[in-house]
Amino acid sequence: KRIYLVAIFRMIVWPVIMLVIVKLLSLFPVMNADKVLLVPFLASIAPSAATIMQFGQLYNKDPDFAVGINLVTTLSCIVTMPIFVALFNLI
């Protein structure tokens, strides 16, 4: 259950917060602000990095939990990334 809670926060709640922040920042009159701000937005909606698994295993800090988070966020990224990129372009 905890893995899914982390994945929901990482793949849905955090991207919504970032979308609001990025869209507020794009209100400033800067040339190509939308294209420039798309890069950090894409980084924020990406799945958790594979290095968490390595650190979990290296320091014996629940590597199975880290693997679960990486697996669930990577699989959910297949659905959530296109949706959030489409929202970014619509708003």
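These are my notebook entries on a predicted model of a single chain.

**Entry 1: the overall picture**

I started with the secondary structure and found four helices and zero strands in the chain. Reading from the N terminus, I wrote the order down as α-α-α-α. Next I looked up the extent: along the principal axes, the C-alpha atoms fill a box of roughly 50 × 20 × 15 Å.

Then I turned to burial and surface. The chain has 91 residues, and 29% of them count as buried. The exposed area comes to about 6,400 Å², and carbon and sulfur atoms supply 76% of that area. I also looked at sequence separation in the contacts. Taking contacts between residues at least 6 apart in sequence, I noted that 71% join residues at least 24 apart.

**Entry 2: α1 against α2**

How do α1 and α2 pack? I found an angle of about 165° between helix α1, residues 2-25, and helix α2, residues 33-45. Their axes lie 9 Å apart. Angles over 145 degrees count as roughly antiparallel, so α1 is roughly antiparallel to α2. The crossing of α1 past α2 is right-handed.

I then listed who makes the contact. On the α1 side I have Arg-10, Met-11, Trp-14, Pro-15, Met-18, Leu-19, Val-22, Lys-23 and Leu-25. On the α2 side I have Asp-34, Leu-37, Phe-41, Ala-43, Ser-44 and Ile-45. Sorted by class, this contact of α1 with α2 holds eleven nonpolar residues, one polar and three charged.

**Entry 3: α1 against α4**

My next stop was the pair α1 and α4. Here I read an angle of about 30°, with the axes 9 Å apart. Angles under 35 degrees count as roughly parallel, and α1 and α4 are therefore roughly parallel to each other. I noted a right-handed crossing for α1 past α4. The residues of this contact divide into 17 nonpolar, four polar and three charged.

**Entry 4: Phe-9 and Thr-73**

I picked one residue from α1 and one from α4 for a closer look. Phe-9 lies in helix α1, while Thr-73 is found in helix α4, residues 63-90. In sequence Phe-9 and Thr-73 are 64 residues apart, yet C-alpha to C-alpha I get 10.0 Å.

Is Thr-73 buried or exposed? Thr-73 counts as buried, because its relative accessibility is 0%. Phe-9 has a relative accessibility of 45%, so I entered Phe-9 as partly exposed.

Which residues does Thr-73 contact, leaving aside its neighbours within four places in sequence? I wrote down Ala-7, Arg-10, Met-11, Pro-47 and Ser-48. Two of these names were already in my notes, since Arg-10 and Met-11 of α1 also take part in the contact with α2. For Phe-9, not counting residues up to four places away in sequence, I found that it touches Trp-14 and Pro-15. Trp-14 and Pro-15 are likewise on my list for the contact of α1 with α2.

**Entry 5: Asn-60**

Last, I checked a backbone angle that caught my eye. Asn-60 has a positive phi of about 50°, although Asn-60 is not a glycine. Where is Asn-60 placed? I located Asn-60 in the loop between α3, residues 51-58, and α4. With a relative accessible area of 66%, Asn-60 is exposed, whereas Thr-73 in my previous entry is buried.

How values were computed
Residues numbered from 1 in each chain as written. Predicted model: local features only at pLDDT ≥ 70, side-chain atom pairs only at ≥ 80, totals over all residues. Heavy atoms only, no water. Helix = DSSP H or I, 4+ residues; strand = E, 2+ residues; numbered from the N terminus. Buried < 20%, exposed > 50% of the residue type's maximum accessible area, 1.4 Å probe, protein only. Contact = heavy atoms within 4.5 Å. Areas by Shrake-Rupley, 256 points an atom, 1.4 Å probe, with all protein chains shown as cover. Axes fitted to C-alpha atoms, helices over the stretch in contact; angles between N-to-C directions. Parallel < 35°, antiparallel > 145°, perpendicular 65-115°, else oblique. Left-handed = near helix turned anticlockwise from the far one by under 90°. Nonpolar A, V, L, I, M, F, W, Y, C, P; charged D, E, K, R; others polar.
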